[in-house]
Amino acid sequence: MTTTRTAPSAPTTTVPAPVTAGRPAPALTTRLAALTRSGLVQAVLTVAAVAWLVPTVGLLVSSLRPKQVAATGGWWTALTEPAQLTLQNYTALLGGGDVPKALWNTVLISVPATLLTVALAAGAGYAFAWMRFPGRDAVFLGVVGLLVVPVQVGLIPVAKLEGAVGLFGTIPGVVLFHVGYGLPFAVFLMRNHFLEIPAELLEAARMDGCGEWRIFRALALPLAAPAVASLCIFQFLWVWNDMLVALIFAGNDSQPLTVYLQSQMRQFGSNMDILAPGAFLSLLVPVGVFLCFQRFFIQGAMAGSVK
């Protein structure tokens, strides 16, 4: 009897089917970054940047041209004749007169208004975020509601109030107005930023025996440095460039640079040897402040935006 042996069959290996599901769509920021790397978009952005800088360059060139030369042609003529550019206007402007006083008044208004607003907003923002007291939510809703109140609504009532207490026409009166109208946005920004601090971190500090003041000063405030820097930029730029509030609340001895330049334009429309260098000085300080704090600007401005 013949026995037929069959070879053992090879083990079968199951090959997993290829995944046909599509990859997740790239994030919006990734797509925008890829879009900005294209040559056409970069060319358009370059043209827009140059067009945006043209008025600033024109103001700088005009501030360096003597009065008699500025009356003979536009500022672009100095690009072919750079010998006409001089610092004579700045020397005469800063050597005496009302411009140094107006510039100093602008500093005396902008710096205290910025520091007071940031300090008060930081404390109020922390209180609204992590401290419990009766009526907290109602008070915060009232603060947020003040964001929609335009500045023009409060000009006459606040002017009457400051006149009754003797602050109208003084630098403290201008500072208090800027602080009052800058606080709603500042408190809203700081409160949203403080809410991003993990609650466990604050509880651990309380368990270690820290009070609320120490937690705010040593823990919460250092973590809020980007938001504080961003708020300083916002408030300082708004106060430095303001003319409406200063035009109403500042007196002759306390008028800032914006009001002084406006009065010069009203009286001497062609007085470019004063207007051009004064306007460029007024522009130079905010640009310098922004450049110093620009690395905090985006991070602080976006803090709490998705809360």
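The exercises below, each with a worked solution, concern a predicted model.

**Exercise 1. Find which residues are linked in a network of salt bridges, and describe each pair in turn.**

Solution. Begin with the count for the whole model, which comes to four salt bridges. Next, take the side chain of Arg206, which meets that of Glu203 in a salt bridge with N and O 3.2 Å apart. Arg206 and Glu203 are three residues apart in helix α9 (residues 199-207), so about one helical turn separates them. Then turn to Glu212, whose side chain also meets that of Arg206 in a salt bridge, here at 2.8 Å from N to O. Putting these pairs together, Glu203, Arg206 and Glu212 form a linked network of salt bridges. As a last step, consider accessibility: Arg206 is partly exposed at 24%, Glu203 is partly exposed at 43%, and Glu212 is partly exposed at 27%.

**Exercise 2. Decide whether Asp137 and Arg136 are buried or exposed, and state how they interact.**

Solution. First, the relative accessible area of Asp137 is 51%, and because exposed means over 50%, Asp137 counts as exposed. Second, Arg136 has a relative accessibility of 16%, and because buried means under 20%, Arg136 counts as buried. Third, Asp137 and Arg136 form a salt bridge, in which the closest N and O atoms are 3.6 Å apart.

**Exercise 3. Describe the largest pocket and the largest cavity by their volumes and linings.**

Solution. Start with the largest pocket, which holds about 390 Å³ of space. Its lining has 19 residues, and those closest to its centre are Tyr181, Gly182, Leu183, Pro184 and Phe185. Helix α8 supplies the largest share of this lining, with eight residues, and the pocket lining divides into 15 nonpolar, four polar and no charged residues. Now take the largest cavity, which has a volume of about 30 Å³. Residues that line this cavity include Thr106, His178, Asp242 and Pro256, and helix α5 (residues 99-130) gives the most to the cavity lining, with three residues. By class, the cavity lining divides into four nonpolar, three polar and one charged.

**Exercise 4. State which residues form a nonpolar patch on the surface, and place Leu147 within the fold.**

Solution. The patch is made up of Leu146, Leu147, Val148, Val149, Val153, Phe185, Phe188 and Phe234, which together have about 680 Å² of accessible area. Leu147 lies in the loop between α6 (136-145) and α7 (151-165), and with a relative accessible area of 38% Leu147 is partly exposed. Phe185 joins two of these solutions, since Phe185 belongs to the patch and is also among the residues closest to the centre of the largest pocket.

Note on methods
Residues numbered from 1 in each chain as written. Predicted model: local features only at pLDDT ≥ 70, side-chain atom pairs only at ≥ 80, totals over all residues. Heavy atoms only, no water. Patch = residues over 30% accessible without salt bridge, like charges linked within 9 Å, V, L, I, M, F, W, Y side chains within 5 Å. Areas by Shrake-Rupley, 256 points an atom, 1.4 Å probe, with all protein chains shown as cover. Helix = DSSP H or I, 4+ residues; strand = E, 2+ residues; numbered from the N terminus. Buried < 20%, exposed > 50% of the residue type's maximum accessible area, 1.4 Å probe, protein only. 1 Å grid on protein atoms, 1.4 Å probe; cavity = no way out; pocket = protein on both sides within 12 Å on 5 of 7 lines; lining within 4 Å. Points joined across faces, edges and corners; volume = space filled by probe spheres on them. Nonpolar A, V, L, I, M, F, W, Y, C, P; charged D, E, K, R; others polar.
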